[in-house]
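Work through the exercises below with the sequence and the 3D structure open. Try each task before reading its solution.

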Amino acid sequence: MRSKYDVIVIGAGPAGSVAAHEAAVAGASVLLLEKHKRPGIPLCCAEAVSGPSIGKYLSIPQNWISTRVGRVKLVAPDGSAGVIKHPDAGYVLDRKIFDYELARRAVSAGCELECEAIGTGLAGEDGKYHSIDVLKPDGSGVKVEADIFIAADGVESKIAREAGIDNLIESKDIESLLQYRVEGINVEPDMVEFHIGNKIAPHGYIWVFPKSATSANVGLGIAATLEKGSNTSVRLDRFLEGRFGGSYKITEKYCGMVPRYQGVDKFRAGNLLVVGDAARAVDSLSGAGIVNAVMSGIFAGRAAAAFAAEKGMKEEELHRLYPGKFLEIKGEELERYARYRTAYNKLNDEDLNEIVSFVGDYFGDKTVTSLNILKIMANLIAKRPKLIRLARYLL
Amino acid sequence: MLEIERALCLECGGCVPLCPVDALFLSFDHVVVDFNLCIMCGICVNFCPVGAIEESDAVKV
């Protein structure tokens, strides 16, 4: 580790590693800090990603993928189901490999990766940060300087707070998530399942994402306003019993917290750029974060390299590069999904039954190649007048 | 005071951004509580999906 770099990236998840890669490719000297022994652990993710979205920004080799998703099944509170057939819907990734390989790619591009290293104590004033303390497990610490910093430190995002960004997650938005890796089961390896209903997962959903024909990530999220987070295990055990009978084995356990989108002011403070979960760049309805992490990482990495190369770049120009260019593409969608989430929390089980029956009718046996969410929402309101009260959130 | 049951904690860090007084920190492999800041609001206790955070009456030693 040197004493000065052009760019320091804190956190080697997908957002951080992609940002570090982009900055290094653009010619910047980059230090990438990762708290854990290696990137990719511990897993705090259900690992599913939309194929068409991620494909625009990353090519995904076969060995990063556990299963290819071609069908999406929604199961209603009354047990009825709707299936969307979409041959290139996406993948269930192997995040241990995905994260590790993205970090390796950054290193191949010339970035320096330091594991078991916490970045903290961002120093500077008036939005002009110049150094950070890098802490090691033995308690030692060293000050490292940079022209620009990228906070990719995930949902916990201490760095953004150090820069004065108020990214507190309010009680009403807290969702407790628990996931098991379940083995010894029979699942259709090309089909992801979403089980919805206020009895099984209040304000949330249960997911079954196949890792193979005999294993899956099965998890759920529930609103912490409604009950204690530790109730997730009671609910998940009950679901597994009903879905797979007695014949399953839980081999791993993961938990987490998915942030919701909080707007443009969480993405930058002076020469600190914030990406991925740290910036709350998340689809607030489903909790999906990988595509937004990768995209925000790309734009932040490029912006950081440009900032380091052009001495005296104006604040407005940096903002135009990041988050400007990222939000130009994703801002409207992030806001819309935040509204969908507000609507989702207002749905009772009858509404959810209606939605699933609509999905069944609307898609039927058709095979689709893309989903126009706006059109689907407009049709939902037109075909299910009971849901008209949600029009202002959905349209 | 708050107690983190390290055997249960899966290091997700989900509790950290919920803390209204910034008293939680995810160190290398465990969550650290700054008892000088903690106001015992119970938000993290209620959130933790694996029940690894508890409020106890025990006096800090």
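The exercises that follow deal with a predicted model and cover salt bridges, one whole chain and one histidine.

**Exercise 1. A pair between chains**

Task: Find what joins the side chains of Asp22(B) and Lys158(A), and state where each residue lies.

Solution.
- Step 1. A salt bridge needs a side-chain nitrogen of Lys or Arg within 4 Å of a carboxyl oxygen of Asp or Glu. For Asp22(B) and Lys158(A) the N to O distance is 3.4 Å, and the two side chains meet in a salt bridge.
- Step 2. Asp22(B) sits in the loop between β1 (2-4) and β2 (24-26) of chain B, while Lys158(A) belongs to helix α4 (residues 158-162) of chain A, so the pair joins two chains.
- Step 3. Buried means under 20% relative accessible area and exposed means over 50%, with partly exposed in between. Asp22(B) has 33% and is therefore partly exposed. Lys158(A) has 15% and is therefore buried.
- Step 4. This bridge belongs to a structure that holds 34 salt bridges over all chains. As background, side chains of opposite charge can pair when their charged atoms come close.

**Exercise 2. Two pairs within chain A**

Task: Describe the salt bridge of Arg268(A) with Glu315(A), then that of Glu333(A) with Lys330(A). For each pair, state how many residues separate the partners.

Solution.
- Step 1. The side chains of Arg268(A) and Glu315(A) form a salt bridge at 2.9 Å, N to O. Arg268(A) is in strand β15 (residues 268-269) and Glu315(A) is in helix α7 (residues 315-344), 47 residues apart, so the pair links distant parts of the chain.
- Step 2. With a relative accessible area of 16%, Arg268(A) is buried. Glu315(A), at 42%, is partly exposed.
- Step 3. Glu333(A) and Lys330(A) form a salt bridge at 3.0 Å, N to O. Both residues are in helix α7 of chain A, three residues apart, which is about one turn of the helix.
- Step 4. Glu333(A) has a relative accessible area of 27% and is partly exposed. Lys330(A) has 8% and is buried.
- Step 5. Salt bridges can also share partners: Glu47(A), Lys96(A), Arg181(A), Lys211(A) and Glu252(A) are joined in this way into one network.

**Exercise 3. The build of chain B**

Task: State which helices and strands chain B has, and find how its radius of gyration compares with the globule rule.

Solution.
- Step 1. Chain B contains one helix and four strands. Along the sequence their pattern is β-β-β-α-β.
- Step 2. The radius of gyration of chain B is 10 Å, and the globule rule gives 10 Å for 61 residues; chain B is therefore as compact as a globular protein of that length.
- Step 3. The C-alpha trace of chain B spans about 25 × 25 × 20 Å along its principal axes.
- Step 4. Of the 61 residues in chain B, 48% are buried. The chain exposes about 3000 Å², of which carbon and sulfur atoms supply 54%.
- Step 5. Take the contacts in chain B between residues at least 6 apart in sequence: 53% of them join residues at least 24 apart.

**Exercise 4. The setting of a histidine**

Task: Is His86(A) buried or exposed, and which residues does His86(A) contact beyond its neighbours within four places in sequence?

Solution.
- Step 1. His86(A) lies in strand β5 (residues 81-93) of chain A.
- Step 2. Its relative accessible area is 6%, so His86(A) is buried.
- Step 3. Beyond those neighbours, His86(A) is in contact with Val69(A), Gly70(A), Arg71(A), Val368(A), Thr369(A), Ser370(A) and Leu371(A).

Conventions
Residues are numbered from 1 along each chain as its sequence is written. Chains are lettered from A and ligands numbered from 1 in the order in which they are written. This is a predicted model: local features need pLDDT of at least 70, side-chain atom pairs count only at pLDDT 80 or more; totals for chains, interfaces and linings use all residues. Side-chain values use heavy atoms; hydrogens and water are left out. Buried means under 20% relative accessible area, exposed over 50%, partly exposed in between (1.4 Å probe, protein chains only). The radius of gyration is taken over C-alpha atoms; the globule rule is 2.2 Å times the number of residues to the power 0.38. Contact means heavy atoms within 4.5 Å. Accessible areas come from the Shrake-Rupley method with a 1.4 Å probe; for residues, only the protein chains shown count as cover.
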